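Visitor: I have a model open and would like to learn how to read it. Could you take me through a few features, one at a time?

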Amino acid sequence: MSSAWLLPEHIADVLPAEARRLEDLRRTLLEMARSYGFELVMPPLLEHLESLLSGTGRALDLRTFKLVDQLSGRSLGIRADATPQVARIDAHLLNRQGVTRLCYCGPVLHTRPQSAQSTREPLQLGAEIYGHAGLEADLEVQDLALDGLRAAGLQKLVLDLADARIVRGVLAGLAVDATQLTEVVAALAAKDNATLRRLSAGFPADTREALLALPGLYGDASVLDAARRALPARPVITAALDDLASLARHVGRAHPDVQVGFDLADMGGYAYYSGARFAVYAPGAADALLRGGRYDEVGAVFGRNRPAVGFSTDLKLLAAVAAPDSRRTAIRAPWGEDPALRGAVRRLREQGETVVCILPGHGHEGEEFDCDRELIAVDGHWVLRTL
């Protein structure tokens, strides 16, 4: 018999040290987004299922918890990804004509963990630009992502670039049904050449050769030159390779400490992204810390097909990988009703200090804080003493 206070699998309480770290990260990254001109929005945790899943594909549908609204009888969903909600806000609530920069942070819930160590309740933070189709928006989003991770204390970052248009360009003109396309995408993601050979047996020679070349097109900037030789010279493929080269040049100038790589067979989010996409890795992380890219079709289901580009990350994952910070310094003070003592404590807190009043019989209280000073009485006055 299980205990009533045990939580569901892959769901956990956030205890003081981690909670403080998460809150510090949230403030740091949202403040960074604000410095770029992004406006904060707070979508609801649940909404009507048809709105929440419109245009998102089967993968998100399977990850979404569903329930029935006892007020209306309609099906509701608990969000598994906030991006469709932000697209709805841009399309229907703000409805601006020009560029809109939006950021957000809040919990999402998944029916299943994405890996054996993953939480089913990530704390998702993201930033998105709507209304600009040019590469400038892609560059700004990547700059914000890298600046935010650096501000969070992460170093030796690796930026991997890819583009959804490349595979679409390779398969252009083929009558490929949804099942076969899913199998091709899965084989590319797994770099499974044997399966690719089987699936492409009836394809035109140039398409088949291009598909078989894609799994090997990963590495440094030389990959782009190899891709121009190995892939068909179709306008959509050429445009994708040109954009990837431009993005890499910009990152090299603006973030010389960031290693840039390419994986042209990376199929993560293939059904979602419409152009250049990226992932950021760091030492100690088994998977990408942050993913983003261009998804111009995200608002189409809401009746407003605007250019869109952005990224999202899980702050819980960032907190686990980033170097732990030291405990917050604080002032220890005795508990008492002396007006002078209470006034001294109040003034210190108004100055931004943390003052931990030790309750009677609890001399070791405040272990979350590094009490490097204490408030003591000297000649009738309350003064600070360094510990």
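Visitor: Which residues of H6 are buried?

Guide: This is a predicted model, so let's read it as one. As a general idea, an α-helix has 3.6 residues a turn, so residues three or four places apart point the same way. Here, helix H6 spans residues 164-171, and 7 of its 8 residues are buried: Ala 164, Arg 165, Ile 166, Val 167, Gly 169, Val 170 and Leu 171.

Visitor: What covers the buried residues of H6?

Guide: The cover includes strands S7 (158-163) and S10 (276-281), along with helices H7 (178-189), H9 (205-213) and H11 (235-254). Just after H6, look for Gly 173, with a positive phi of about 90°.

Visitor: Which residues have the most contacts inside the largest nonpolar core?

Guide: They are Leu 154, Leu 214, Leu 231, Leu 264, Phe 278 and Phe 311, in a core of 70 residues. H11 gives the largest share, 8 residues. Domain 1 (7-153 + 293-325) and domain 2 (158-281) both contribute, so this core lies between them. Try selecting Leu 264: among the residues it touches are Ile 166, Leu 214 and Leu 241. A second, separate core has 13 residues, including Val 41 and Leu 102.

Visitor: How many disulfides are there?

Guide: In general, a disulfide is a covalent bond between the sulfur atoms of two cysteines. The count here is 0. For Cys 103, the nearest cysteine sulfur belongs to Cys 105, 9.1 Å away. Cys 371 has its nearest one in Cys 357, at 10 Å.

Visitor: Is Cys 103 buried or exposed?

Guide: Cys 103 counts as buried, because its relative accessibility is 3%. Cys 371, at 18%, also counts as buried, since the cut-off is under 20%.

Note on methods. Residues numbered from 1 in each chain as written. Predicted model: local features only at pLDDT ≥ 70, side-chain atom pairs only at ≥ 80, totals over all residues. Heavy atoms only, no water. Buried < 20%, exposed > 50% of the residue type's maximum accessible area, 1.4 Å probe, protein only. Helix = DSSP H or I, 4+ residues; strand = E, 2+ residues; numbered from the N terminus. Contact = heavy atoms within 4.5 Å. Disulfide = S-S within 2.5 Å. Core = buried A, V, L, I, M, F, W, Y, C linked by side-chain atoms within 4.5 Å. Domains from an automatic or database assignment.
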